Amino acid sequence: MDKKWLPLTITLGIAGVAAVAASVWPDDVEKPPLPQSLCHGALSRETAELIDDGQGGEVSAGAWESKGASNDHGVFKECHVLRADQDGAERRGVYKLVVEEARSAPGTKKDSVPLGPGFTGWVLPDRAEVALPAGCAVRMGSTAPYITASLDVPSQDEERLYRRGEEPPVDPDTATRNNATVMREVVTRLAERYGCAD
């Protein structure tokens with residue numbers, strides 16, 4: 001081979017290896033460009049970023065789904081929203097979103113705030129729960145009367161903060177508003193995705 005073509009051959013060979021490596025990259029691992037929807041399509045990236053633990057960082061998610069075989073749930077989806085430090089070396093869990101069957105609609109919790117007209121649920125700075133529209137259970141393959149979404153934000157847990165003598169990382173009123181926005185979007189996006197909006 002003519003030596004003048006050798007650098008091009010090496011470059012093309014490396015590009016070919018990179019293409020093969022890219023084609024076997026797992027689909028469930030986030031890589032640039034980051035997806036614009038998280039948690040089984042329940043949250044836009046912008047809304048997912050509203051809930052923070054006061055430490056900032058890039059948002060990503062780890063989501064799991066289970067149906068029937070290993071438990072009694074026809075529908076069970078769990079999503080952990082994570083944030084990574086600037087160097088991306090370490091990711092930490094910020095909150096958890098669970099979508100599952102329920103035998104009853106969410107009741108009320110002491111000191112909670114309702115989610116507003118058109119939504120059945122409640123919200124606190126560290127937790128929230130909402131029911132999806134009535135037709136969603138059947139559309140999601142469930143025989144349960146309800147499908148609910150619940151939110152858990154450990155960094156805002158008042159009892160834990162009190163025991164540690166710490167202040168909440170986000171003002172409780174702001175945290176409540178952010179949680180409400182997240183839960184309203186979860187209901188809206190999932191209802192649209194499964195064609196069960198009221």
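**Exercise 1.** Determine which residues line the largest pocket and how they divide by character.

*Solution.* In this predicted model, local features need pLDDT of at least 70 and side-chain atom pairs count only at pLDDT 80 or more, whereas totals for chains, interfaces and linings use all residues. Residues are numbered from 1 along each chain as its sequence is written, and side-chain values use heavy atoms, with hydrogens and water left out.

Step one is the lining, which consists of Lys 109, Lys 110, Asp 111, Leu 124, Pro 125, Asp 126, Arg 127, Asp 157, Glu 158 and Glu 159. A pocket here is an open set of points on a 1 Å grid over the protein atoms alone, where a 1.4 Å probe fits, with protein on both sides within 12 Å along at least five of seven lines, and lining residues have an atom within 4 Å of a point.

Step two sorts these residues into two nonpolar, no polar and eight charged, where Asp, Glu, Lys and Arg count as charged, and Leu and Pro are among the nonpolar types.

**Exercise 2.** Establish whether Gln 156 is buried or exposed, and what its side chain reaches.

*Solution.* First, Gln 156 has a relative accessible area of 3%, and it is therefore buried (under 20%, against over 50% for exposed and partly exposed in between, with a 1.4 Å probe and protein chains only). Next, its side chain reaches the backbone nitrogen of Val 170 at 3.1 Å.

**Exercise 3.** Describe the backbone and exposure of Asp 111.

*Solution.* Asp 111, one of the pocket-lining residues, has a positive phi of about 65 degrees although it is not a glycine. At 65% relative accessibility, Asp 111 is exposed.

Definitions and conventions:
Polar contact = N/O pair within 3.5 Å; in protein donor to acceptor, adjacent residues only side chain to side chain.
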